[in-house]
Amino acid sequence: AAVGAEAGVVARSVGSGLGLPFAQVGPVQDVAPAFALTPALAPGQAPPGPWLVSLAASRKAPSQAPSAPGTLRPCLSTGAAPAARTPAPLWREPRRHLVLEDLSAGFRRPCILDVKLGTRHYDDSAPPHKRRSQAAKAAASTSAALGFRLSGMQWFSRASASYMFRDKYHGRALALEDVPGELREFLGAGSGRRGRSAAGLRVAVVERLVARLRELEAALAAQNAWMFYSSSLLLVYEGDPERACAAHRAEERVEVRMIDFAHTQGSEGARDEGYLMGVRNLVGMLEGLLHEEQSPAPQESAGHAGGAAS
C-alpha cells in the first residue's frame, strides 16, 4: 500500500472472494479524519493484550463509537501489552491518513470483475518454490498468452434477479477462446435487449471501460518506475436494470482501478511490458465485442442479400 501511495495510484488486496465490499487505499492526505479509530472498550475497561479497534463512521468521542453492522473490528497484535490508558482520540486534530473508498458505493447492483494482469506474478524476493508455482499458474492459464486472466467476478442476472459468481479457479481453467464469452456474459448485466448472447452487451458500459483502459495504457507506456507484479484491475459498473435503462450513454458510470500492490517493486528504468501487454489485449478483446455487437448477424446479412437478388 505504501508503494501504491507513493506512485499516486490506488490499492487494496481484495483476495479471492467477491462477496465483500471492495475498497481502495488512496494517497496519503492531510485531512481531519471522517472516521475515528477508537479502542473497542467499555467505559473504564483496561485495554486487553491484543488491541481491538473500531473504525466508526463518526467524529464522536471513543465512548460514543457506534456499533452498527458494518463496523470494522480488525485485531491488531503488537506482541506486547499496551499501556493501560486510553489514547487521545484522533478526531481532535488533523492527521496524515490513508483514505479508504468503497468502490461499490453509489451502485445499486454493482457488477465487479477482478482481472489479474501481467505475465509474471512474483517479485524479486520470492523464494524458488514460489517462483515455480506462480510461473506454472501463468503457463496453465491465459496469463502467459494474453497477459491477463479473469480472477473472479460477480454480475447481476436479470433473468434470475440474483447475482452470478465466478471464482479464480474458474478463471484459471479458461482457454483462450473462452475469454470473450466470459467477458460478454459479465458485460450483459441489466441489458434490456438481446444480443449475440443470453443477455445483450451493455455497449455504453464497454465503450466507457475501453476509454478508461486506453488512458491507463498511455500512463503505463509513459512510466518506467514500477513493475506491477501480480497486480490486478478492478472493473465495476451498474447492473440494475432500471438504472441501466435510464442512464444516458454519457452518464454510464464505470470504475477502473489498479489494485493489489503487495509485489510491486521499482523497475530501474524498464517498463512493465507484461502488464502493458495485458491491458492492450483486454482492450482489444472488448473492442472485438463491440464490433460483433454492432455488426449485423450473419442470418440478417444473408436475408438482405437474398432480398436484393430477388
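Visitor: In β10, which residue is the bridge partner of K116?
Guide: This is a predicted model: local features need pLDDT of at least 70, side-chain atom pairs count only at pLDDT 80 or more, and totals for chains, interfaces and linings use all residues. Residues are numbered from 1 along each chain as its sequence is written, and side-chain values use heavy atoms, with hydrogens and water left out. Strands are DSSP runs of E (at least two residues) and helices DSSP runs of H or I (at least four), numbered from the N terminus. In β10, K116 is bridged to S232.

Visitor: Over how many bridges do β6 and β10 pair?
Guide: Pairing requires that DSSP find at least two bridges between two strands. One position to look at is D114, which stands opposite L234 in β10. For β6 (residues 110-117) and β10 (residues 232-238), the pairing is antiparallel and the bridges number 7.

Visitor: In what order do the 5 strands of the open sheet stand?
Guide: Strands of a sheet pair through backbone hydrogen bonds, either parallel or antiparallel. Here the pairing is antiparallel. The order is β8-β7-β6-β10-β11.

Visitor: Which strands stand at the edges of the sheet?
Guide: The open sheet has 5 strands. Each edge strand has a single partner, so one side of it is left without a neighbour in the sheet. The edges are β8 (162-166) and β11 (254-259).

Visitor: By what angle are neighbouring strands of this sheet turned against each other on average?
Guide: Axes are lines fitted to C-alpha atoms, for helices over the stretch in contact, and angles run from 0 to 180 degrees between N-to-C directions. For this sheet, however, direction is ignored. The average turn between neighbouring strands is 15°.

Visitor: Which residues of β10 point the other way from S232, L234, V236 and E238?
Guide: In a regular strand the side chains alternate between the two faces of the sheet. β10 is mostly covered, with 7 of its 7 residues buried (under 20% relative accessible area, 1.4 Å probe, protein chains only; exposed is over 50%, partly exposed in between). Opposite to S232, L234, V236 and E238 point L233, L235 and Y237.

Visitor: In β11, what is the bridge partner of V236?
Guide: β10 and β11 pair in the antiparallel sense over 6 bridges. In β11, V236 is bridged to E255.

Visitor: At about what angle to β11 does helix α6 run?
Guide: α6 spans residues 203-222. The helix lies across β10 and β11. Its angle to β11 is about 35°.

Visitor: How many charged residues does the contact of α6 with α8 have?
Guide: α6 and α8 pack at about 155°, axes 10 Å apart, which makes the pair roughly antiparallel (over 145 degrees; under 35 is roughly parallel, 65 to 115 roughly perpendicular, the rest oblique). Their crossing is left-handed (the near helix is turned anticlockwise from the far one by less than a right angle; clockwise is right-handed). Residues in contact (heavy atoms within 4.5 Å) include L213 and L216 of α6 and V279 and L286 of α8. By class (Ala, Val, Leu, Ile, Met, Phe, Trp, Tyr, Cys and Pro nonpolar; Asp, Glu, Lys and Arg charged; the others, Gly among them, polar), the contact has 15 nonpolar and 1 polar, and its charged residues number 6.

Visitor: Which residues of α5 meet α8?
Guide: α5 (residues 179-186) and α8 (residues 273-294) pack at about 70°, with axes 10 Å apart. That makes α5 roughly perpendicular to α8. The crossing is right-handed. From α5, the residues that meet α8 are V179, P180, L183 and R184.

Visitor: What is the relative accessible area of A161?
Guide: A161 lies in the loop between β7 (148-157) and β8. Its phi is positive, about 55°, although A161 is not a glycine. A161 counts as exposed because its relative accessible area is 54%.

Visitor: Is D260 buried or exposed?
Guide: D260 is found in the loop between β11 and β12 (265-266). Phi of D260 is near 65°, positive in a residue other than glycine. The relative accessible area of D260 is 13%, so D260 is buried.

Visitor: What separates the C-alpha atoms of D272 and Q223?
Guide: D272 is found in the loop between β12 and α8 and is buried at 9% relative accessibility. Beyond neighbours within four places in sequence, D272 is in contact with Q223, W226, M227, F228 and Y229. D272 and Q223 are 49 residues apart along the chain, and their C-alpha separation is 8.8 Å.
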